[in-house]
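Biologist: I'm new to this one. Could you pick a single part and walk me through it closely?

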Amino acid sequence: MSSIFFGELMGTMVLVYLGDSVVANVILKKTKGEGTGWIVITTAWAFAVLLGIFASNACGSPGAHINPAVTLAMALMNNTPWEQVPVFVSAQFIGGFIGAILVYLHYMPHFKATEDGATKLGVFSTGPAIRDWTNWLGEIFGTFMLVFSIVGIGK
């Protein structure tokens with residue numbers, strides 16, 4: 001189980017570090033990528049997921065869930081033993097936290113140069129352009145698609 005923990009921690013750390021780093025590079029002030037747009041962010045996030053999976057596998061987690069929603073879905077589908085769920089999820093939380101700290105440290109001068117608090121928050125989270133109850137639908141549908149495709153691949 002220690003290899004699963006280390007693999008999930010490293011994979012999630014790589015995922016969050018690379019994914020949030022590209023967001024920081026695009027939206028924070030005085031970066032080389034400032035203002036390059038959503039296509040840069042979405043493309044880089046796709047590679048961040050891929051490299052997170054590679055890192056997770058290479059470091060000992062053949063499941064490479066790197067997301068608690070995936071872990072829960074895999075357990076519900078009996079593809080992951082329930083006693084491993086706390087190992088997966090705790091490693092994912094710790095790995096995500098470490099990845100976020102690394103992004104903050106890496107982009108610290110750019111965080112200081114950026115005055116808008118919402119922009120700074122946007123490095124680590126998303127917010128809707130229009131606040132409405134339908135935003136929840138988007139989150140539910142997106143999570144369903146992610147989990148459905150991952151669980152479907154795992155069968």
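Modeller: Let's start at Phe124, which counts as partly exposed because its relative accessibility is 34%. On this scale, buried is under 20% relative accessible area, exposed is over 50%, and partly exposed is in between, using a 1.4 Å probe and protein chains only. Bear in mind that you're looking at a predicted model, where local features need pLDDT of at least 70, side-chain atom pairs count only at pLDDT 80 or more, and totals for chains, interfaces and linings use all residues. Numbering runs from 1 along each chain as its sequence is written, and side-chain values use heavy atoms, with hydrogens and water left out.

Now for the rings. Phe, Tyr and Trp rings (the six-membered one for Trp) pair if their centres lie within 6.5 Å; planes under 30 degrees apart are stacked, over 60 edge-to-face, and the rest tilted. That rule gives 2 aromatic pairs here. One of them joins Tyr104 to Phe111: the centres are 5.1 Å apart, the planes meet at 45°, and the pair is tilted. Phe111 is a buried residue, since its relative accessibility is just 6%. Tyr104, at 38% relative accessible area, is partly exposed.

Phe111 also pairs with Phe124, and this time the planes are at 5° with the centres 5.8 Å apart, so the two rings are stacked. What does this pair link? It connects distant parts of the chain: Phe111 belongs to helix H5 (residues 108–113), while Phe124 sits in the loop between H6 and H7, 13 residues apart. The helices are DSSP runs (H or I, at least four residues) numbered from the N terminus. Put the pairs together and you get a cluster of Tyr104, Phe111 and Phe124.

While you're here, glance at the backbone in two other loops. Most residues other than glycine have a negative phi. Lys30, in the loop between H1 and H2, has a positive phi near 65° although this residue isn't glycine. Lys30 counts as exposed because its relative accessibility is 67%. Ile66 also has a positive phi, near 45°, and isn't glycine either. You'll find Ile66 in the loop between H2 and H3. Is Ile66 buried or exposed? With a relative accessibility of 8%, Ile66 counts as buried, whereas Lys30 is exposed.
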